[in-house]
Structure formats: structure tokens, C-alpha cells
Amino acid sequence: MSIKWINVNNNQLTVTLYDTNITLNKPASYYFESAYKVLVGMDVENRLVLIKHLNKEESLRGNIDKNNLLDLKIKPSYGRISSRKVMLEIEKTFGLDFSEHLKFPATWDSTSKMLKINLNGVI
């Protein structure tokens, strides 16, 4: 007999995009628990939104424009970056409509300390 056990813990990294914020599920927000600030960027060619983890030293050393630094609030079951301006830029660049929220898969790149949100497939 071959048994496949059911995993009750959803370890899939997902990110939901709203018109005013980016919300990370618990597994995705885990990687940012020690973040002081984050950067949000876009890889237009590969249709990725990138969230870069920054510690306090990286955030304050002066080589990053302070207007690009964003707060990420970590709650017990999710993480959230709130910025209407960022969301408008993502919506415009990728031709998305956030009038209804959209959920996307994400992956963690431990080398660059970035969460990569794949906009090629809505969950």
C-alpha cells in the first residue's frame, strides 16, 4: 500500500496585490521578520515584482534613496506593504486591474534576499 500524507500547512508563498497594498501570506512574510525596510522593484521583461529585504545597516548607510525605502508591517498571519503610488506603478506597467485583488505565486531568492512575485499566473 502506498500512502500519501496530506500536508495541512500551506507552505506555498503567495502574494495578493490590491489597489493600495501588497499582502504576503504567512510563509512569504517569514522571510521579512527581521527586515528594517524593503525595496519594491519590477522586472518588466520577466513579469516579476521584486521585494528586497534590507536590514538596518543596509537601509541607513546612505547609498539608497530614502524615498525608495518602504515599511513592511508584519502581523501574526501576514505581512503588508502599503503604498498607493507603488501599486499604481505596478498596475500601469503590467496592465493589471486591481479593482479586485489578484493573488500570485512567489519564490524566495536567498542569495539576493528577494521575494520574486511571478505575475504570469494568477492563483
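**Exercise 1. Setting a buried acid in its surroundings**

Task: Leaving aside neighbours within four places in sequence, state which residues Glu91 is in contact with, and determine whether Glu91 has a salt bridge or none.

Solution. Step 1: once the neighbours within four places in sequence are left aside, Glu91 is in contact with Leu96, Asp97 and Phe98. These contacts, like every value below, come from a predicted model.

Step 2: Glu91 is found in helix H3, which covers residues 84-94.

Step 3: Glu91 is buried, and the nearest side chain of opposite charge, that of Arg84, is 4.7 Å away. A salt bridge requires a side-chain nitrogen of Lys or Arg within 4 Å of a carboxyl oxygen of Asp or Glu, and Glu91 accordingly has no salt bridge.

**Exercise 2. Describing the overall layout**

Task: Give the number of helices and strands in the protein chain, the order in which they follow one another, and the share of residues that count as buried.

Solution. Step 1: the protein chain holds three helices and eight strands, and reading along the sequence gives the pattern β-β-α-β-β-α-β-β-α-β-β.

Step 2: the C-alpha trace spans about 60 × 35 × 25 Å along its principal axes, and 37% of the 123 residues of the protein chain count as buried.

Step 3: among contacts in the protein chain with a separation of 6 or more, residues 24 or more positions apart account for 57%.

**Exercise 3. Locating the largest nonpolar core**

Task: Name the residues that touch the most other members of the largest nonpolar core, and identify the element that gives the most to this core.

Solution. Step 1: the largest nonpolar core has 25 residues, and those touching the most other members are Leu17, Ile22, Leu24, Ile51, Ile90 and Leu115.

Step 2: two or more residues of this core come from each of strand E1 (14-17), strand E2 (21-25), strand E4 (48-54), H3, strand E7 (102-109) and strand E8 (114-118). H3 gives the most to this core, with four residues.

Step 3: for the surroundings of one such residue, consider Leu115, which, not counting residues up to four places away in sequence, touches a set including Leu24, Phe32, Ile51 and Trp108. As general background, nonpolar side chains in soluble globular proteins tend to be buried together.

**Exercise 4. Tracing strand pairing around E4 and E1**

Task: For E4, work out how it pairs with E3 and with E8; then do likewise for E1 with E7 and with E2.

Solution. Step 1: strand E3 (residues 37-43) pairs with E4 in the antiparallel sense over seven bridges, and Val38 has His53 in E4 as its bridge partner. The hairpin of E3 and E4 has four residues between the strands, and in it Arg47 takes a positive phi near 55 degrees.

Step 2: E4 also pairs with E8 in the antiparallel sense, over five bridges, with Met114 in E8 as the bridge partner of Lys52. E4 is mostly covered, six of its seven residues being buried.

Step 3: E1 and E7 run antiparallel and are joined by four bridges, Thr14 having Pro105 in E7 as its bridge partner. Three bridges join E1 to E2, again in an antiparallel arrangement; here Thr16 has Thr23 in E2 as its bridge partner, and a hairpin of three residues joins the two strands.

Step 4: both faces of E1 are covered, since Thr14 and Thr16 on one side and Val15 and Leu17 on the other are all buried.

**Exercise 5. Classifying aromatic pairs**

Task: Decide which geometry, stacked or edge-to-face, applies to the pair of Tyr30 and Tyr31 and to the pair of Tyr31 and Trp108.

Solution. Step 1: the count comes to three aromatic pairs. The rings of Tyr30 and Tyr31 lie 5.4 Å centre to centre with 75 degrees between the planes, and this pair is edge-to-face.

Step 2: the rings of Tyr31 and Trp108 have centres 4.6 Å apart and planes at 10 degrees, so this pair is stacked. The pair links distant parts of the chain, 77 residues apart, with Tyr31 in the loop between helix H1 (26-29) and E3 and Trp108 in strand E7.

Step 3: Tyr30 counts as exposed because its relative accessibility is 52%, whereas Tyr31, at 29%, is partly exposed, and Trp108, at 21%, also counts as partly exposed. Ring pairs link Tyr30, Tyr31, Phe32 and Trp108 into a cluster.

Terms used. Residues are numbered from 1 along each chain as its sequence is written. This is a predicted model: local features need pLDDT of at least 70, side-chain atom pairs count only at pLDDT 80 or more; totals for chains, interfaces and linings use all residues. Side-chain values use heavy atoms; hydrogens and water are left out. Buried means under 20% relative accessible area, exposed over 50%, partly exposed in between (1.4 Å probe, protein chains only). Lys and Arg count as positive and Asp and Glu as negative; His and the chain ends are not counted. Contact means heavy atoms within 4.5 Å. A nonpolar core is a set of buried Ala, Val, Leu, Ile, Met, Phe, Trp, Tyr and Cys residues joined through side-chain atoms within 4.5 Å. Two strands pair if DSSP finds at least two bridges between them. Rings of Phe, Tyr and Trp (its six-membered ring) pair if their centres lie within 6.5 Å; planes under 30 degrees apart count as stacked, over 60 as edge-to-face and the rest as tilted.
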